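Grab the structure viewer and a coffee, and let's work through a few exercises together. Try each task on your own before reading the solution.

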Amino acid sequence: MNYNIPSHLSELPIYQKAMDILVLSRNISTYIGQDLSYLRSDGTEDLDIYFSGDIIQQSESLAPEIEKAQAERFSENKHKHLDSIERLTHRLHLNCNRLQHCNSNGKDYLPILQNELKKFKRLKRSWMMTL
């Protein structure tokens, strides 16, 4: 999938890591979704499938928030976007933990995503100092 990445952002390590997280979460969600899309024997669906969609939605929101924070001129507005990034990474981490208990072989890839989230948090700390 092609993304139109603004040239000034493509060089930012935090932006690159956000894009890596997006690609990884999409792949994991696809893998898990295939295992969880079937109905159970009692006719109910596996509710963990919704968490797999949540990790995509949250990871898709990271890059635009980084763009907005970079573009803001006022410190107060930058902090709103930084808070949003913090909430998104926290929710991503929580949903990864929830998916650890799902009935799918795809959960074996969740530690990779969690490791990337840790790297993202480290990059975020240093990036915040440059804003």
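**Exercise 1.** Which kind of contact do the side chains of K68 and E65 make, and what is the N to O distance?

Solution. Keep in mind that this is a predicted model. Start with the atoms: the N to O distance between K68 and E65 is 3.8 Å. A salt bridge needs a side-chain nitrogen of Lys or Arg within 4 Å of a carboxyl oxygen of Asp or Glu, and the side chains of K68 and E65 do meet in a salt bridge. Next, look at where they sit: both residues belong to helix α3, 3 residues apart, which is about one turn of the helix. Finally, check the exposure of each partner. K68 has a relative accessible area of 40% and is partly exposed, while E65 comes out at 13% and is buried.

**Exercise 2.** Find the salt bridge partner of E116, then work out which network the pair belongs to.

Solution. Step one: the partner is K119, with the closest N and O atoms 3.3 Å apart. Step two: E116 and K119 both lie in helix α5, which covers residues 110-130, and they are 3 residues apart, about one turn of the helix. Step three: buried means under 20% relative accessible area, so E116, at 13%, counts as buried. K119, with 32%, is partly exposed. Step four: bring in K17, because K17, E116 and K119 are linked in a network of salt bridges.

**Exercise 3.** Describe how helices α2 and α3 pack, and find a salt bridge that links them.

Solution. First, pick out the helices: α2 runs over residues 13-36 and α3 over residues 48-71. Their axes lie 9 Å apart, at an angle of about 165°. Angles over 145 degrees count as roughly antiparallel, and that makes α2 roughly antiparallel to α3. The crossing of α2 and α3 is left-handed. Sort the contact residues by class and you get 15 nonpolar, 6 polar and 4 charged.

Now for the salt bridge. E60 and R26 meet through their side chains at 2.4 Å, N to O. E60 is in helix α3 and R26 in helix α2, 34 residues apart, so to speak a link between distant parts of the chain. E60 is partly exposed, with a relative accessible area of 36%. For the bigger tally, a search of the whole structure turns up 5 salt bridges.

**Exercise 4.** How many aromatic pairs does the structure hold, and which geometry applies?

Solution. The count is 1 aromatic pair. The partners are Y31 and Y109, whose ring centres are 5.6 Å apart, with 70° between the planes. Planes over 60 degrees apart count as edge-to-face, and that is the geometry of Y31 and Y109. This pair also links distant parts of the chain: Y31 is in helix α2, and Y109 is in the loop between α4 (75-99) and α5, 78 residues away. As for exposure, Y31 is partly exposed at 36% relative accessible area, and Y109 is partly exposed at 40%.

**Exercise 5.** Are α2 and α5 roughly parallel or roughly antiparallel?

Solution. Take the axes of α2 and α5: they come within 10 Å and cross at roughly 160°. The two helices are therefore roughly antiparallel to each other. To finish, add the handedness: α2 and α5 have a left-handed crossing.

How values were computed. Residues are numbered from 1 along each chain as its sequence is written. This is a predicted model: local features need pLDDT of at least 70, side-chain atom pairs count only at pLDDT 80 or more; totals for chains, interfaces and linings use all residues. Side-chain values use heavy atoms; hydrogens and water are left out. Axes are lines fitted to C-alpha atoms, for helices over the stretch in contact, and angles run from 0 to 180 degrees between N-to-C directions. Helices (H or I, at least four residues) and strands (E, at least two) are DSSP runs, numbered from the N terminus. Angles under 35 degrees count as roughly parallel, over 145 as roughly antiparallel, 65 to 115 as roughly perpendicular and the rest as oblique. A crossing is left-handed if the near helix is turned anticlockwise from the far one by less than a right angle, and right-handed if clockwise. Ala, Val, Leu, Ile, Met, Phe, Trp, Tyr, Cys and Pro count as nonpolar, Asp, Glu, Lys and Arg as charged, and the others, Gly among them, as polar. Buried means under 20% relative accessible area, exposed over 50%, partly exposed in between (1.4 Å probe, protein chains only). Rings of Phe, Tyr and Trp (its six-membered ring) pair if their centres lie within 6.5 Å; planes under 30 degrees apart count as stacked, over 60 as edge-to-face and the rest as tilted.
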